[in-house]
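Reader: I am new to this structure and would like to go through its labels one by one. Could you set each value against its definition before drawing a conclusion?

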Amino acid sequence: MKDVDVHETAIVDAGCHIGAGTRIWHFSHIMSGCFIGDACNIGQNVVISPGVSLGNRVKVQNNVSVYTGVVCEDDVFLGPSCVFTNVTNPRSFVSRKHEFKQTLVKRGATIGANATIVCGHTVGEFALIGAGAVVTKDVLPYALVVGNPSRQVGWVSEWGCKLEFDASNRAVCPESGQTYRLDNGRVYRLS
């Protein structure tokens, strides 16, 4: 674990990969068999379970448990106390480890504070999941979703700004100047 900063109260099990420049904060537990990319930030009181994969520059805020079956691509943001599941019908007296379902969080997506992501779904590139939302189905790239159960209420740019589409189905991010197109219910970046 070269060039990795691990707080003295954190536990890092043998057999995991942690990339250069990653920081792991107080009371976190990184379990054997997980993969954490370069330049990640793992907040306080975080658990990363076996088999989890985090890409480069992933930020995991405080009090998040990332369970087996979760894959986060590069530049994902996991807000404070957000929740992942890995089985749809858990029972304490029934072992269902063979039934774990994968959850894929695509590049640049943000999961808001206290949001819940039910297993077996994909959160698209640069999607923004609002605080407290409960995601029970796939989320499109660039989609803005809120509520319980979550529903799409708009679109966001790669910078997280709400996009307003004109009559020609084009929008410009007010912060980055990037241009986007809405076509057949999907958003694409043009510039």
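Reader: Why is the pair of Asp 5 and Arg 23 called a salt bridge?

Author: The term requires a side-chain nitrogen of Lys or Arg within 4 Å of a carboxyl oxygen of Asp or Glu. The side chains of Asp 5 and Arg 23 meet at 3.1 Å, N to O, and therefore satisfy that limit. Asp 5 belongs to strand S1 and Arg 23 to strand S4 (residues 23-24), so that the pair links distant parts of the chain, 18 residues apart. Strands here are DSSP runs of E with at least two residues, and helices are runs of H or I with at least four, both numbered from the N terminus.

Reader: What should I keep in mind about the model behind these values?

Author: This is a predicted model, in which local features need pLDDT of at least 70 and side-chain atom pairs count only at pLDDT 80 or more, while totals for chains, interfaces and linings use all residues. Residues are numbered from 1 along each chain as its sequence is written, and side-chain values use heavy atoms, with hydrogens and water left out.

Reader: What makes Asp 5 and Arg 23 partly exposed?

Author: Buried means under 20% relative accessible area and exposed means over 50%, with partly exposed in between (1.4 Å probe, protein chains only). Asp 5 has a relative accessible area of 39%, and Arg 23 has 36%, so both values fall in the partly exposed range.

Reader: How do you know that Arg 57 and Asp 75 form a salt bridge, and where do they lie?

Author: The closest N and O atoms of Arg 57 and Asp 75 are 2.7 Å apart, which is within the limit and therefore counts as a salt bridge. Arg 57 is in the loop between strand S9 (53-54) and strand S10 (59-60), whereas Asp 75 is in the loop between S12 and strand S13 (77-78). Arg 57, at 41% relative accessible area, is partly exposed, and Asp 75, at 33%, counts as partly exposed as well.

Reader: How do you know that Glu 99 and Arg 96 also qualify, and which accessibility class does each have?

Author: Their closest N and O atoms are 3.6 Å apart, again within the limit, so the pair is a salt bridge. Glu 99 counts as partly exposed at 33% relative accessibility, whereas Arg 96, at 18%, counts as buried. Salt bridges that share partners also join Arg 57, Asp 74 and Asp 75 into one network, and a search of the whole structure finds seven salt bridges.

Reader: Why is the pair of Phe 126 and Tyr 142 called stacked?

Author: Rings of Phe, Tyr and Trp (its six-membered ring) pair if their centres lie within 6.5 Å, and planes under 30 degrees apart count as stacked, over 60 as edge-to-face and the rest as tilted. The centres of these two rings are 5.6 Å apart and their planes stand at 20°, so the pair is stacked. Phe 126 is in the loop between strand S18 (122-123) and strand S19 (128-129), and Tyr 142 is in the loop between strand S20 (134-135) and S21.

Reader: What makes the pair of Tyr 142 and Tyr 180 edge-to-face?

Author: The rings of Tyr 142 and Tyr 180 are 5.5 Å apart, centre to centre, with 70° between the planes, and are therefore edge-to-face. Tyr 180 lies in strand S24 (residues 179-183), so the pair ties together parts that are 38 residues apart in sequence. Phe 126, Tyr 142 and Tyr 180 form one aromatic cluster.

Reader: How do you know whether these three residues are buried or exposed?

Author: Relative accessibility is 10% for Phe 126, 8% for Tyr 142 and 0% for Tyr 180, so each of them counts as buried.

Reader: What makes S1 and S22 edge strands?

Author: Two strands pair if DSSP finds at least two bridges between them. The open sheet of nine strands has the order S1-S4-S7-S10-S13-S16-S19-S21-S22, with mixed pairing. Strand S1 (5-6) and strand S22 (151-155) each have a single partner strand, so one side of each is left without a neighbour in the sheet.

Reader: How do you know that S21 and S22 pair?

Author: Four bridges join strand S21 (residues 143-146) to S22, so the requirement of at least two is met, and the two strands run antiparallel. Leu 144 stands opposite Gly 154 in S22, and the bridge partner of Val 145 there is Gln 152.
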